Amino acid sequence: MSSSTSTVYLVTGTNRGIGTHFRYIAASRPNAFVYAGVRDVSKAAALDELSKKHPGRISVVKCVSADVEGNAQLAKEIQARHGRVDTVIANAAVARVETTVLDTPAKELDEHFTVNVVGTAVLFQALHALLKASPSPRFIPISSASASIGGPMMPLPVRVATYGASKAALNYITRKIHFENEWLVAFPLAPGVVNTDSAKAAMANDTTGVFDSLREHITLQTPEEAAKALVDLIDRATREKEGGEFVDVDGGRIPW
Ligand SMILES: NC(=O)c1ccc[n+]([C@@H]2O[C@H](COP(=O)([O-])OP(=O)(O)OC[C@H]3O[C@@H](n4cnc5c(N)ncnc54)[C@H](OP(=O)(O)O)[C@@H]3O)[C@@H](O)[C@H]2O)c1
């Protein structure tokens, strides 16, 4: 293990969207090392370029959500190279926002829960020992305000039921992780509305007019702005302040 490495990050879902920019920011931190998780390493050409720009600072690794053996293999790789992981950002997710509960196919529900909930739990299981080896361990799943059962979005006719339900279950798992592991900083973190391809598709597919009516009330961040804000918040978060809370990107709290 390199003694000059300050923080070892693992971020999942770094192939596109907000995830792409997590790598830039983590790489810009002095001596930070980033494991950038992607589904298919052979299709991560942009990441390879970035690795060349920051030699010895970024490793593009295969990380498929809910793949128990694959996640365990990744943990072995990190163990051999760094012996610990300090900050895990569970960012990978499926987000299709197109249907009501009535017309959501069962397989679509399955996929959202497999990737967004089971995937995060499996990741935590695989990395538990490496997090425990860190002097300052953080496990931060990226959630969504649409998970809020008690918040203002719930009564709106936006078709987020499948996605929102999976993120609500993710919130439960994360809050439970917080209580089950008193040595860890863990909390679900919502990024706000971010102008990624997924978000654009969700807005384009919205026939209810809700997104249009909300447009003037929401700040649409770029993926780069969102990633910076999230990483800054994650880096200074403490168990006492943010631990087990449903945290918004602006540092506020979202109703469960
Ligand atoms: N954008 C927003 O406005 C917004 C709002 C609230 C919450 N969020 C949350 O913020 C996070 C990032 O959002 P985003 O908009 O950047 O998402 P995105 O553009 O849809 O990117 C999702 C990432 O997850 C990866 N992924 C999907 N399924 C996977 C699987 N089975 N195994 C491993 N990786 C998988 C994708 O990899 P591939 O490229 O291989 O498909 C991609 O890199 C997500 O957790 C999302 O729910 C976003």
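Select Asn 181 and display its surroundings: leaving aside neighbours within four places in sequence, Asn 181 is in contact (heavy atoms within 4.5 Å) with Phe 124, His 128 and Arg 239. The model on display is predicted: local features require pLDDT of at least 70, side-chain atom pairs count only at pLDDT 80 or more, and totals for chains, interfaces and linings use all residues. Residues are numbered from 1 along each chain as its sequence is written, and side-chain values use heavy atoms, with hydrogens and water left out.

Asn 181 lies in the loop between α5 and β6. Helices (H or I, at least four residues) and strands (E, at least two) are DSSP runs, numbered from the N terminus. With a relative accessible area of 7%, Asn 181 is buried. Buried means under 20% relative accessible area, exposed over 50%, and partly exposed in between, with a 1.4 Å probe and protein chains only. Now add Ile 177 to the selection: its backbone oxygen lies 2.9 Å from a polar atom of the side chain of Asn 181. This pair is a polar contact, that is, a pair of N or O atoms within 3.5 Å; within protein, one must be able to donate a hydrogen and the other to accept it, and residues adjacent in sequence count only if both atoms are side-chain atoms.

**Along α5**

Next, select α5, residues 161-180. The 20 residues of α5 should span 28 Å at 1.5 Å a residue (the expected span is 1.5 Å times one less than the number of residues), and the end C-alpha atoms are 28 Å apart, which agrees. Among the buried residues of α5 are Tyr 163, Gly 164, Lys 167, Leu 170, Asn 171, Thr 174, Ile 177 and His 178. An α-helix has 3.6 residues a turn, so residues three or four places apart point the same way. Colour α4 (106-132), β5 (138-141) and β6 (185-186) as well, since the buried residues of α5 pack against these elements.

**The ligand**

Which residues are closest to the ligand? Of the 25 residues that surround the ligand, the closest are Arg 16, Arg 39, Tyr 163, Thr 196 and Ser 198; a residue is near the ligand if one of its heavy atoms lies within 4 Å of it. The shell divides into twelve nonpolar, ten polar and three charged residues. Here Ala, Val, Leu, Ile, Met, Phe, Trp, Tyr, Cys and Pro count as nonpolar, Asp, Glu, Lys and Arg as charged, and the others, Gly among them, as polar.

Select Lys 167: an N or O atom in its side chain is 2.9 Å from an oxygen atom of the ligand. At Val 194, a polar backbone atom is 2.8 Å from an oxygen atom of the ligand. At Ser 65, a backbone N or O atom lies 2.9 Å from a nitrogen atom of the ligand. The ligand taken alone exposes 900 Å², and the protein buries 90% of that; accessible areas come from the Shrake-Rupley method with a 1.4 Å probe, and for residues only the protein chains shown count as cover. The elements that give two or more residues to the shell are α5, β8 (193-194) and α6 (197-205).

**Ser 146**

Proceed to Ser 146, in the loop between β5 and α5. Is Ser 146 buried or exposed? Ser 146 counts as buried because its relative accessibility is 14%. Beyond its neighbours within four places in sequence, Ser 146 is in contact with Met 153, Val 160, Tyr 163 and Gly 164. The side chains of Ser 146 and Ser 144 are joined by a polar contact of 2.7 Å.

**Loops with Arg 29, Asn 31 and Ala 66**

Select the loop between α1 (18-28) and β2 (33-38), where Arg 29 is placed. Arg 29 counts as buried at 18% relative accessibility. Not counting residues up to four places away in sequence, Arg 29 touches Tyr 9, Arg 57, Val 231, Asp 232 and Asp 235.

Asn 31 also has its place in the loop between α1 and β2, and at 43% relative accessibility Asn 31 counts as partly exposed. Phi of Asn 31 is near 65°, a positive value in a residue other than glycine. Most residues other than glycine have a negative phi. Finally, select Ala 66 in the loop between β3 (58-62) and α3 (68-81); phi of Ala 66 is near 70°, again a positive value.
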